[in-house]
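Visitor: I would enjoy a close look at one part of this model, followed outward into whatever surrounds it. Please spell out the cut-offs as you go.

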Amino acid sequence: MAASLLRLHFHDCFVMGCDASILLDNHGDIISEKQAGPNLNSVRGFKVIDEIKYILEEACPLTVSCADILAIAARDAVALRGGPRWKVWLGRRDSMKASLDGANQFIPAPNSSLETLISNFNEQGLDIEDLVALSGGHTLGKARCVSFRQRVYDIEEKRDKYKRYRTFRRILRSICPDSGRDDAIAPLDFSTPAKFDNHYYINILEGNGLLGSDNVLVTEDHEGEIIKLVWAFAANEELFFSSFAKSIVKMGNINVLTGLEGEIRKNCRFVNPYALARK
């Protein structure tokens with residue numbers, strides 16, 4: 001579940017900030033972000049968060065927010081897979097609303113252009129180094145065929161006139177036909193799929209990134225600034241780890257609710273009843 005827990009934190013922070021809005025189910029006026037295109041049949045790990053929250057509520061009722069749980073779980077998931085550890089700022093409170101429109105608008109799509117990715121990250125106060133470092137989270141996890149089909153059939157054929165990446169493309173086509181099998185999955189990092197390391201950058205330099213949005217870091221960087229970072233992270237894992245930790249802490253502070261804003265949910269899937277809304 002490591003990649004899923006990391007992704008939950010990312011998808012949460014890019015919509016209204018790091019406020020656990022992604023965990024809310026449909027209820028009353030709330031339309032869940034889980035139904036958004038980037039999340040539907042894709043994000044998971046909700047039961048793990050439920051279990052953590054249950055244990056915390058037994059020990060310390062209405063004390064630790066769901067948003068803080070997401071931030072800590074993401075850090076521990078990365079560390080347990082061989083990645084860096086970092087200090088997690090605490091004190092976030094939980095949103096009392098969700099934004100389906102925001103989830104559809106602000107979470108980067110797997111076929112995004114580089115220009116779109118830069119714009120998405122800038123919208124959240126994140127810069128190019130944050131984009132490149134956080135993209136390295138794709139060293140873990142898997143993606144559905146529907147997320148990388150376009151990269152395999154439409155884009156790569158046109159760019160690969162010297163047929164350097166034919167073997168990789170053949171592997172992907174065996175997993176993901178040009179129609180059907182939308183839910184077939186492939187690892188984001190074919191080299192070391194279960195380990196948090198810097199192989200993601202080596203892969204995209206070789207043209208072996210799974211998603212279109214991975215490969216554009218190299219193929220669409222006409223200024224050269226992003227490619228320099230990709231080469232640096234590919235050559236120096238410690239540099240990648242320190243940059244990733246710095247960027248995810250920065251991401252974890254996007255539009256957080258503190259003080260009397262929001263609430264601390266008793267159940268991460270639902271806003272508290274009024275009687276529980278204040279500790």
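Guide: Helices (H or I, at least four residues) and strands (E, at least two) are DSSP runs, numbered from the N terminus. With that in hand, let us start in the loop between α1 (2–13) and α2 (46–59), where Ile30 lies. Two points on the numbers: this is a predicted model, in which local features need pLDDT of at least 70 and side-chain atom pairs count only at pLDDT 80 or more, while totals for chains, interfaces and linings use all residues. Residues are numbered from 1 along each chain as its sequence is written, and side-chain values use heavy atoms, with hydrogens and water left out.

Ile30 has a relative accessible area of 16%, so it counts as buried (under 20% relative accessible area; exposed is over 50%, and partly exposed is in between, with a 1.4 Å probe and protein chains only). Setting aside neighbours within four places in sequence, Ile30 is in contact with Leu24, Asp25, Met96, Ala98 and Val271, where contact means heavy atoms within 4.5 Å.

The loop between α1 and α2 also holds Val15 and Ser21. Both appear in a UniProt record: its unreviewed entry places the feature "binding site" at Asp12, Val15, Gly17, Asp19, Ser21 and Glu33. UniProt positions are given in the numbering used here, feature names are shortened, and annotations may be inferred rather than shown by experiment. These annotated residues span 22 residues in sequence, yet no two of their C-alpha atoms are more than 13.1 Å apart, so they gather at one spot.

Val15 is buried because its relative accessibility is 1%, and Ser21 is buried because its relative accessible area is 0%. Beyond four places in sequence, Val15 touches Ser21, Glu33, Ser99, Gly102, Ala103 and Ile107. With the same neighbours left out, Ser21 is in contact with Asp12, Val15, Met16, Glu33, Ser95, Lys97, Ala98 and Arg265. Ala98 is thus a contact of Ser21 and also of Ile30.

One backbone detail sits in this stretch. Ala20, in the loop between α1 and α2, has a phi near 60°, a positive value in a residue other than glycine. Most residues other than glycine have a negative phi, and most peptide bonds are trans. Ala20 is buried, since its relative accessible area is 0%. Elsewhere, Arg181 has a positive phi of about 55° although it is not a glycine; its place is in the loop between α8 (166–175) and β2 (185–187).

Now let us widen the view to the interior. The largest nonpolar core has 57 residues, and those with the most contacts inside it are Leu23, Ile49, Tyr201, Phe244 and Met251. A nonpolar core is a set of buried Ala, Val, Leu, Ile, Met, Phe, Trp, Tyr and Cys residues joined through side-chain atoms within 4.5 Å. Helix α3 (residues 66–80) gives the most to this core, with nine residues. A second, separate core of 13 residues includes Ala143, Phe168, Leu172 and Ile175.

Tyr201 leads on to another helix. Not counting residues up to four places away in sequence, Tyr201 touches Val132, Ala133, Ser135, Gly136, Val230, Phe233, Ala234 and Phe240. Among these partners, Val230, Phe233 and Ala234 are buried residues of α11, alongside Ile226 and Leu229. The buried residues cover an arc of only 135° around the axis, which puts them on the same side of α11; the arc is that of the directions from the helix axis to the C-beta atoms. The face turned away from that buried side carries the exposed residues Lys228, Trp231 and Ala235. What covers the buried side includes α5 (114–123), α6 (128–135), α9 (199–205), α10 and α12.

Of these covering helices, α10 (residues 212–219) is itself mostly covered, with six of its eight residues buried. They are Gly212, Ser213, Asp214, Asn215, Val216 and Leu217. The C-alpha atoms of Asn215 and Arg151 are 8.9 Å apart in space, although 64 residues separate them in sequence. Arg151, in helix α7 (residues 145–159), counts as buried because its relative accessibility is 3%.
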